[in-house]
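Welcome! Here are a few short exercises, each with a worked solution. Keep the structure in view as you try them.

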Amino acid sequence: MNEIDKYLREHKPAVKEDPTFLLETNRRLDAVEGIKAEVDCERSRGRVALIIALAAGLAAGVLLTLLLYLYPVHSISADGRFLEHTRLLLDSWKQYLIFPVAALAITLGLVLSRDRRKTVHL
Amino acid sequence: MNRERFISLVRAEQEPLRRFLLTLCDGDAALADDLAQDALVRAYVASGSFLGLSKFSTWLFRIAYNCYIDHCRKARPDRTSVEDAIALPSDDASDASFRYQQLYQALERLPQKEKAAIALFYFEDRSIQEISAILGIPSGTVKYHLSQGRTRLKQHITR
């Protein structure tokens, strides 16, 4: 084994000096920084959109619930039962209306915040 | 870790890193440098997770080894082997190629872990513990790979 040990120690591979290696590394790191900045920007935009959507959803839900309480629906029951049924349904479920409204607002907010994605080149 | 600190650490480690990958790539300097660049980018992206529990070089070599493994997994079948390369005309600048051809030919026949263990132990003067941390295997297994690698190399290298 000594012979192979000696052979390996004598044949340590030589690396050619390459002054451009670190320049290339720096170039790639610049690209990484660019992507990082873009991703951070995208994330913060998403977070803001989510907060706005949540706030809008809550506000809309609260407003709607208040309206339903303050101004109970008097259906224009001239033409039939559909409106009457709808009114009854809303009346019995009005305390839960906040949830679908909030969910709708959040979804809408998320969809709108992702409308345009910029292409990033390495 | 900020970029200046990262670059200063890399400056000190670039030569051993490139040599390690050159050995793993059986003397293909262009591929080795490409993998080294990939490893550095990965290391920079993950530098926030480097807690200093191991040496920076150990951490960097582990990332480089993983890059090499990833490359092998998706390696192109048309890669030129060392045997094919011998037939190609070479200039003197090509890594003093003749001197190393026999070594690279022999290394090419070794399994990845044996090759990496040999490269780290003989060419980078790493301890068994460090090799164990870089390759992610127990110390006993490192010793086994070293012994197997030496035996195989002895069969392939004729002086």
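**Exercise 1.** Find what percentage of the contacts in chain A between residues at least 6 apart in sequence join residues at least 24 apart.

*Solution.* Start by setting aside contacts between residues that are not at least 6 apart in sequence. Among the contacts of chain A that are left, 80% join residues at least 24 apart. Please keep in mind that this is a predicted model.

**Exercise 2.** Describe the helices, strands and burial of chain A.

*Solution.* Step one is to count elements: chain A has four helices and zero strands. Step two is to read them in order, which gives α-α-α-α from the N terminus on. Step three is burial: of the 122 residues in chain A, 11% are buried, where a buried residue has 20 or more other C-beta atoms within 10 Å of its own.

**Exercise 3.** Now do the same for chain B, and add its contacts.

*Solution.* Count again: chain B holds eight helices and zero strands. Its elements run α-α-α-α-α-α-α-α, starting at the N terminus. Next comes burial, with 36% of the 159 residues in chain B buried. Finally, take the contacts in chain B between residues at least 6 apart in sequence: 66% of them join residues at least 24 apart.

**Exercise 4.** Work out which parts of chain B touch chain A.

*Solution.* First, see how many residues take part: 28 from chain B and 18 from chain A. Second, look for elements of chain B that give two or more residues to this side; they are α1 (3–24), α2 (29–45), α5 (97–108), α6 (112–123) and α8 (139–156). Third, ask which of them gives the largest share: that is α1(B), with nine residues. Last, sort the residues on the side of chain B that touches chain A by type, and you get 15 nonpolar, three polar and 10 charged.

**Exercise 5.** Is α6(B) mostly covered or mostly open, and how far does this helix reach?

*Solution.* Begin with length: the 12 residues of α6(B) reach 16 Å from first C-alpha to last, close to the 16 Å expected at 1.5 Å a residue. Then check burial: 10 of the 12 residues are buried, so the helix is mostly covered. The buried residues include Lys113(B), Glu114(B) and Lys115(B), along with Ile118(B), Leu120(B), Phe121(B) and Tyr122(B). To finish, step just past the end of α6(B), where Asp125(B) takes a positive phi of about 50 degrees.

How values were computed: Residues numbered from 1 in each chain as written. Chains lettered and ligands numbered in written order. Predicted model: local features only at pLDDT ≥ 70, side-chain atom pairs only at ≥ 80, totals over all residues. Contact = placed C-beta atoms within 7 Å. Nonpolar A, V, L, I, M, F, W, Y, C, P; charged D, E, K, R; others polar. Expected span 1.5 Å × (residues − 1).
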